Amino acid sequence: MTAIPHEPLTQAEVLLEGFLALETPEGFRAELIEGEIVVTPPPDGDHEDYINLVAKQVIRRSRTEMDFSGNKGLKLRSGGACPKNHAIPDGTFAPTAQRLFRGAEPWMPCDGVALVAEVTSSKPQADREGKRRCYARGAIPLYLLVDREESSVTLFSDPEADDYRQHCTIPFGKFLALPEPFGFELETADFV
């Protein structure tokens with residue numbers, strides 16, 4: 001019997017295989033962001049309240065009927081020699097007509113996603129920088145960041161390469177215009 005030679009795995013392939021084999025404790029989530037494995041604990045109640053406030057408004061007020069998924073794994077293009085990014089937004093929205101989540105694998109492509117939302121937690125830089133770049137690389141049209149530390153909401157739009165070309169930041173308590181396919185002003189008075 002002869003052994004079949006195999007090409008050695010690259011460092012990126014080893015990292016991706018290790019990441020995909022991870023078993024995290026219940027409630028924790030692991031993401032692969034720009035070549036780094038990030039494990040976060042279950043969110044606190046305030047974090048969940050912010051996501052709930054955003055999700056309810058989008059579902060009720062959006063001009064295009066939207067589906068929502070909390071904590072859906074997305075596969076996104078990587079930058080440089082890193083393996084594909086694997087991010088789990090706090091909220092993912094897609095037009096209902098696409099039925100994007102039906103039959104989706106635990107880690108699905110991001111094609112068709114209209115908006116992702118994040119609420120900062122104990123590692124806000126990951127949401128402000130690393131995840132922002134990942135979502136831009138994935139060409140997700142809109143990224144909504146609720147920054148609890150800064151008491152602000154930022155909408156990033158117009159993705160190009162590794163970042164978004166436009167952003168609008170408002171303090172909690174103001175209105176933030178969400179463009180089509182949403183077409184309404186997000187109220188943030190309850191964020192205060």
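In which loop does Ala-139 lie? In this predicted model, Ala-139 is placed in the loop between helix 3 (124-137) and strand 9 (142-147). Its phi is near 60 degrees, a positive value in a residue other than glycine.

A second non-glycine residue with positive phi is Asp-158, for which the angle is about 60 degrees. Whereas Ala-139 belongs to a loop, Asp-158 is part of strand 10 (residues 152-160). The relative accessibility of Asp-158 is 27%; because this value falls between the 20% limit for buried residues and the 50% limit for exposed ones, Asp-158 counts as partly exposed.

These local features belong to a protein with 3 helices and 13 strands. The chain has 192 residues, for which a compact globule would have a radius of gyration near 16 Å; the value for the protein is 18 Å, which agrees with that expectation. The C-alpha trace spans about 70 × 35 × 30 Å along its principal axes. Of the 192 residues, 43% are buried. Among contacts with a separation of 6 or more, 54% are accounted for by residues 24 or more positions apart.

The accessible surface of the protein amounts to about 10,500 Å², and carbon and sulfur atoms contribute 51% of this area. The protein carries 20 positive and 31 negative charges, and the mean positions of the two sets are 4 Å apart.

The pairing of strand 12 (residues 175-178) with strand 13 (residues 184-187) was examined in detail. The two strands run antiparallel and are joined by 4 bridges. Within this pair, Leu-176 has Leu-186 of strand 13 as its bridge partner. Strand 12 and strand 13 form a hairpin with 5 residues between the strands. Gly-183 of this hairpin takes a positive phi near 65 degrees. The loop between strand 12 and strand 13 also holds Pro-181. The peptide bond leading from Glu-180 to Pro-181 is cis, with omega near 15 degrees. The hairpin thus includes a glycine with positive phi, Gly-183, and its loop contains a proline, Pro-181, that follows a cis peptide bond.

Terms used. Residues numbered from 1 in each chain as written. Predicted model: local features only at pLDDT ≥ 70, side-chain atom pairs only at ≥ 80, totals over all residues. Heavy atoms only, no water. Rg over C-alpha atoms; globule rule 2.2 N^0.38 Å. Buried < 20%, exposed > 50% of the residue type's maximum accessible area, 1.4 Å probe, protein only. Contact = heavy atoms within 4.5 Å. Areas by Shrake-Rupley, 256 points an atom, 1.4 Å probe, with all protein chains shown as cover. Lys, Arg positive; Asp, Glu negative; His and termini not counted. Charge placed at Lys NZ, Arg CZ, Asp CG, Glu CD. Pairing = 2+ DSSP bridges.
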